[in-house]
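Biologist: Hello! I am new to this structure and would love a close look at one part of it, the surroundings of the ligand, and then a short tour of what else is worth seeing.

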Amino acid sequence: MPVSRRGFLRLVGRAESSPISGAFLSARGLEAHFAEAQAQGGRVRPVLPPGVDEIRLSSNENPLGPGRVALDAILGKFPEAGRYPFNSSPAEGDLIAAIAAKYQVKPENVVLGAGSQEILKSSMRAWVSPTRAFITALPTFENCTGYAKRYGLPLTEVKVDAAMRLDVEPMIAAALGSQPAAGLLFFNNPNNPTATVHGAKTVADMVERVRKGSPDTVILIDEAYHDYVTDPSYETAIPLALSTPNVLVARTFSKAYGMAGMRIGYAIGMADTLKPLAKLKMPYNVSVFGVAAAIASLADARHIEEERARNTEVRAFTVKALQDMGAKPADSQGNFLFVDIGRPAKEFRDACAKSGVMVGRDFPPFEKTHCRISIGTMDEMKKATEVFRTALKAPTTTAGEKGGR
Ligand SMILES: Cc1ncc(COP(=O)(O)O)c(C=O)c1O
């Protein structure tokens with residue numbers, strides 16, 4: 001069935017006149033669904049008071065969604081929604097070829113995931129076990145940590161340093177001194193939720209030292225926010241991964257490419273390193289929509305440049321507004337900020353939610369002092385910062401009990 005672009009946008013609630021706004025979806029008639037999802041352990045969006053529009057700054061999503069060429073590619077795939085990805089064109093192999101061409105590597109240097117979370121999870125399955133420990137940071141993206149905890153696997157979490165950056169020396173020491181030996185070291189650069197980054201030299205030195213002392217430890221460098229980095233000392237670790245055994249980089253189309261709902265990520269590294277991930281991959285893990293949209297996006301480099309510039313501008317506006325209120329954001333190299341608000345995240349989150357502004361969840365051990373705020377559009381951040389100003393003026397009695405510095 002042909003779906004016009006306009007009709008499609010109206011359906012998903014992006015047209016001005018859409019009756020299906022984010023607030024409508026959050027608030028009306030879905031309470032039972034939310035309760036059910038929560039009972040099953042799913043993440044649940046709060047119900048907003050009627051008439052309050054939502055500004056969602058809680059999940060590090062791209063507020064503009066996919067670019068035009070990606071949306072057109074998605075629309076073009078509706079007639080093939082009934083086909084398996086291998087019966088559709090372009091197929092999964094075409095996306096692998098497009099990614100391989102971008103980095104001038106072979107297809108066997110790339111493994112696709114249903115989002116980069118599949119890459120992360122498969123890495124845990126491949127390289128962490130009761131006799132091979134997992135080394136990570138605290139706080140960092142919790143997907144792998146959660147896996148280790150769920151299955152009772154040996155785990156070392158190294159707290160970030162005073163500047164909220166991954167604390168590299170103790171992470172290296174943990175990898176080299178681990179008992180049992182370290183199977184996997186997770187290095188999130190830029191780090192979610194703190195948004196800080198390490199430069200290329202620090203990353204290369206870390207890899208060299210871990211490889212020298214523990215060559216069997218696999219190093220997973222997660223660059224989900226790569227496209228948003230503006231720090232000139234940063235470079236992608238992809239060339240390092242392509243030339244160093246047991247090093248891989250995870251990337252995603254969920255952030256700057258605006259395709260979180262399409263679920264496409266990938267690992268890149270030496271073919272031998274990636275073999276275990278290729279074996280663990282679920283058949284048909286990526287959809288015809290995601291494949292088509294990702295291929296189209298890769299050919300539209302200008303869109304990513306524009307998205308980076310947009311995010312940089314809105315990020316600078318938000319940092320300044322927060323600093324003017326006395327809050328202290330850590331240096332941000334992503335599409336989110338980790339902010340010392342001098343009060344519990346929950347208190348701030350609940351206060352903002354009353355005005356429809358949704359900010360990030362708790363990130364222990366900083367949940368009593370810091371909050372993560374994703375960067376929305378300029379218009380959203382102008383409204384949101386007014387809400388922050390009011391929330392931060394309210395007295396707090398519980399700050400500083402735990403965490404913080
Ligand atoms: C650091 C990091 N890695 C990976 C992901 C997962 O992204 P996806 O599975 O959507 O590709 C996220 C999502 O927020 C993230 O912050």
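Which atom of the ligand is 2.6 Å from an N or O atom in the side chain of Asp222?

Modeller: Happy to help! Please keep in mind that this is a predicted model. The atom you ask about is a nitrogen of the ligand, and it lies 2.6 Å from an N or O atom in the Asp222 side chain. Asp222 has company there: 13 residues surround the ligand, and those that come nearest are Ser116, Asp222, Tyr225, Thr252 and Ser254. Two of these residues also bring side-chain N or O atoms to oxygen on the ligand. For Thr252, the distance from such an atom to a ligand oxygen is 2.5 Å. For Ser254, the distance to an oxygen atom of the ligand is 2.6 Å.

Let us turn from the ligand to empty space inside the protein. Rolling a probe the size of a water molecule over the atoms shows where such space is left. Here the count comes to one cavity of 30 Å³ or more. The largest cavity holds about 40 Å³ of space. Its lining is made up of Val111, Leu112, Glu118, Ile119, Ser122, Leu277 and Lys281. Strand E2 (110–113) and helix H6 (116–127) are the elements that each give two or more residues to this lining. Helix H6 gives the most, with three residues. By character, the lining of the largest cavity divides into four nonpolar residues, one polar residue and two charged ones.

Next come the cysteines. A disulfide is a covalent bond between the sulfur atoms of two cysteines. Searching the whole structure turns up zero disulfides. Cys371 helps to show why: the closest cysteine sulfur to its own is in Cys352, 7.0 Å away, which is too far for a bond, since a disulfide needs the two sulfur atoms within 2.5 Å. Cys371 counts as buried because its relative accessibility is 0%, and buried means under 20%. Cys144 also counts as buried, with a relative accessibility of 0%.

Finally, have a look at His370. This residue lies in strand E12, which covers residues 370–374. Is His370 buried or exposed? With a relative accessible area of 7%, His370 is buried. The His370 side chain makes a polar contact with the side chain of Thr369, at 2.8 Å.

If you would like to go back to where we started, find Asp222 first and look for the ligand nitrogen 2.6 Å from its side chain.

How values were computed: Residues numbered from 1 in each chain as written. Predicted model: local features only at pLDDT ≥ 70, side-chain atom pairs only at ≥ 80, totals over all residues. Heavy atoms only, no water. 1 Å grid on protein atoms, 1.4 Å probe; cavity = no way out; pocket = protein on both sides within 12 Å on 5 of 7 lines; lining within 4 Å. Points joined across faces, edges and corners; volume = space filled by probe spheres on them. Helix = DSSP H or I, 4+ residues; strand = E, 2+ residues; numbered from the N terminus. Nonpolar A, V, L, I, M, F, W, Y, C, P; charged D, E, K, R; others polar. Buried < 20%, exposed > 50% of the residue type's maximum accessible area, 1.4 Å probe, protein only. Near = heavy atom within 4 Å. Polar contact = N/O pair within 3.5 Å; in protein donor to acceptor, adjacent residues only side chain to side chain.
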